[in-house]
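Ready for a few warm-up exercises on a new structure? Take a look at the picture, then work through each task before you read its solution.

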Amino acid sequence: MENTVGRNSQEVIVPPVEGVAGGGTAYGWNDGGFHSNPIRGTVDPTKVPSADLLHVWCMPSTSNVGQQEMPRSLEPITLLAARNERESAQIAIRPKVSWGGPGIAGVVQVHCTDLCSTSGDRLVVGESLTLRRVVSILGVPDALVPLDLPVTQINLLPGETTAIWVSVDVPTGQPPGQYEGELFVTALKADAESSAKCLAKAEKHEIYRELRGCLDVVEHIDGKPQEEVVQGVRMATTGLRRVLLSPTFNDCSLENGPVDMMDEDGFTNLSVRLKLSVTVWDFVLPATPSLPAVFGISETVIEDRYGVEHGSDGWYDALDQHFKWLLQYRISPFFCRWGDGMRVLAYTCPWPADHPKSDEYYSDPRLGAYAVPFTPILSSSNAAKDSLQKEVEILKTKTHWKKAYFYLWDEPLNLEQYDSIRNMSSEIRTYALDARVLTTYYCGPSDAPLAPNTFENFVKVPKFLRPHTQIYCTSEWVLGNREDLVKDITAELQPEIGEEWWTYVCMGPSDPHPNWHLGMRGTQHRAVMWRVWKEGGTGFLYWGSNCYEKATVASAEIRFRRGLPPGDGVLFYPGEVFTSRQLVASVRLERILSGLQDIEYLNLYTSRYGREQGLALLEKTGVYLGPERYTLDHMPVDVMRGEIFSACRS
């Protein structure tokens, strides 16, 4: 339903075992047995169909498209999306021959059109339709680097497959219907690449500045006196004329005659054409996620890499950028830094509760939950107690207070650490009896066993921490493949007094269980949220999304922390590493978003047909049966979403 992928069109034996830690497709597999028909001599891509020079095919978002991914037949991309949902697929390109300059197979241009419905509605390129190049990290496709739109150029390397991540974001108010568009992939001459690059960066910025200025003038004329309006239009006209008469648009001016449409048609006829179809249906994903997913952002990593001083204007700007960017992934961010013995300072808003920005943060409907700091963010003075009291007394008067929680300690191990949680919680509760404290743990206190065996000791933690914790957040690692143990854990909780069960993944669990390590399968990444939904958790925590090794330059190479599985604690990258101005998402972060969106689909289905039917649908389609039994392929995901669409669209 979502993404149609054809069979392998080449006579190639696909290896039976897939890559790193069970993930990916064809990592390390040499394609020496694959031979395309060589075209000898100088190739002029303006006179040869691009299909003779390139393999182009489509892959679903759960595929790890490595450099040695083998070609398949080209099929249209067909996506199903609700409103306020992002759906993605991938385009893979592999050169058959070399036609470019030294060191590259050649240059290709990718051109996208808007997606249009028969009623004239559009999903606009650059707004709803975006392209990102998939870049390998440690040899595994993971970083998604933004590409220019509507036209972009890419260098292809000999014998390597390049993947492009295509995303469609459907606005909340988008009219339902069938939307169709095309992508054109065209081989270019080597000199075409250099001529395209002749528009220097400085000139681009100058044109952007001029156009931005014109837009600013005409956007702010409402309600102004006529004289100011006339003056503004004159200024905008002068600016636009200056842009049009610049050397950049010299070839387009009337003095050079009209554009030769035959040349343009010929160019398009040589392209590989890929049809993209999106069915937008009349279901709106709720702005506030049904499942709060709270993810940490290390403030100290931001300070080190971006060179911002704690508490400076640049520091606030950097935190604000990270917060707003991560919200688009249905994630509720919190900033954090660790103290002694795994004590953690966690806070969602860097401004105090009486600051105007505080309400802007906490009232954002996309926020499922927010962390309140136990101590002042910018100070560790004796004023901590007064600051906490003031913060709580302001926040508890707000309607969003029900989303608040305190995260005080990460994975306590002994009686002293558990007692620290109890003491801090007691202080909070003197100001607000209904405050929620979240505690992550994978064991009971080691020096004061609550029960005769390790698992029982773990299960009895709520009895020990009550009433000093309301959100009991346990590691999925503890369960192993024993999903039945969930009943033992939740039986100890008292939901009638507001106690909740959340889960988290960190270093474990490891393959084949669902987690977000680099190199795991795409469905393994997405299955983390399927597992949460099936097990009945009411929230999810992830310790860090930017916790790479320390560096003092924003563009420094990303290094994962020693002692952790690759990718653990890192879900996005600084854009400067890839010469991008914006943060760069990982493939894994996109799959987390897909999993959170799947939860909304399953919740819709169960609201109509009951939870038992929802669980039956997961099992019937083969999407997820347990931590070692979930789909390895994308098709069951499409089938499940398609069934929900068919059952719930009326």
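**Exercise 1: the first strand pair**

Val56 sits across from Ile93 in S3. Before you go on: this is a predicted model, where local features need pLDDT of at least 70, side-chain atom pairs count only at pLDDT 80 or more, and totals for chains, interfaces and linings use all residues. Residues are numbered from 1 along each chain as its sequence is written, and side-chain values use heavy atoms, with hydrogens and water left out.

Task: find how S1 and S3 pair, and place them in their sheet.

Solution: S1 and S3 (residues 85–95) run antiparallel, joined over seven bridges; strands pair if DSSP finds at least two bridges between them. Next, read the open sheet's order, S1-S3-S10-S7-S8-S23-S22. The edges are S1 (54–60) and S22 (572–573), each pairing on one side only.

**Exercise 2: a strand with two partners**

Task: which strands pair with S14, and in what sense?

Solution: start with S13 (residues 293–298), which pairs with S14 in the parallel sense over five bridges. Here Ser298 has Cys336 in S14 as its bridge partner. Then take S15 (residues 344–347), antiparallel to S14 with four bridges. Phe335 is bridged to Tyr347 in S15. Finally, the hairpin of S14 and S15 has five residues between the strands, and Gly341 takes a positive phi near 60°.

Task: why is S14 (residues 332–338) described as largely enclosed by the rest of the structure?

Solution: five of its seven residues are buried, so S14 is largely enclosed (buried means under 20% relative accessible area, with a 1.4 Å probe and protein chains only).

Conventions. Helix = DSSP H or I, 4+ residues; strand = E, 2+ residues; numbered from the N terminus. Buried < 20%, exposed > 50% of the residue type's maximum accessible area, 1.4 Å probe, protein only.
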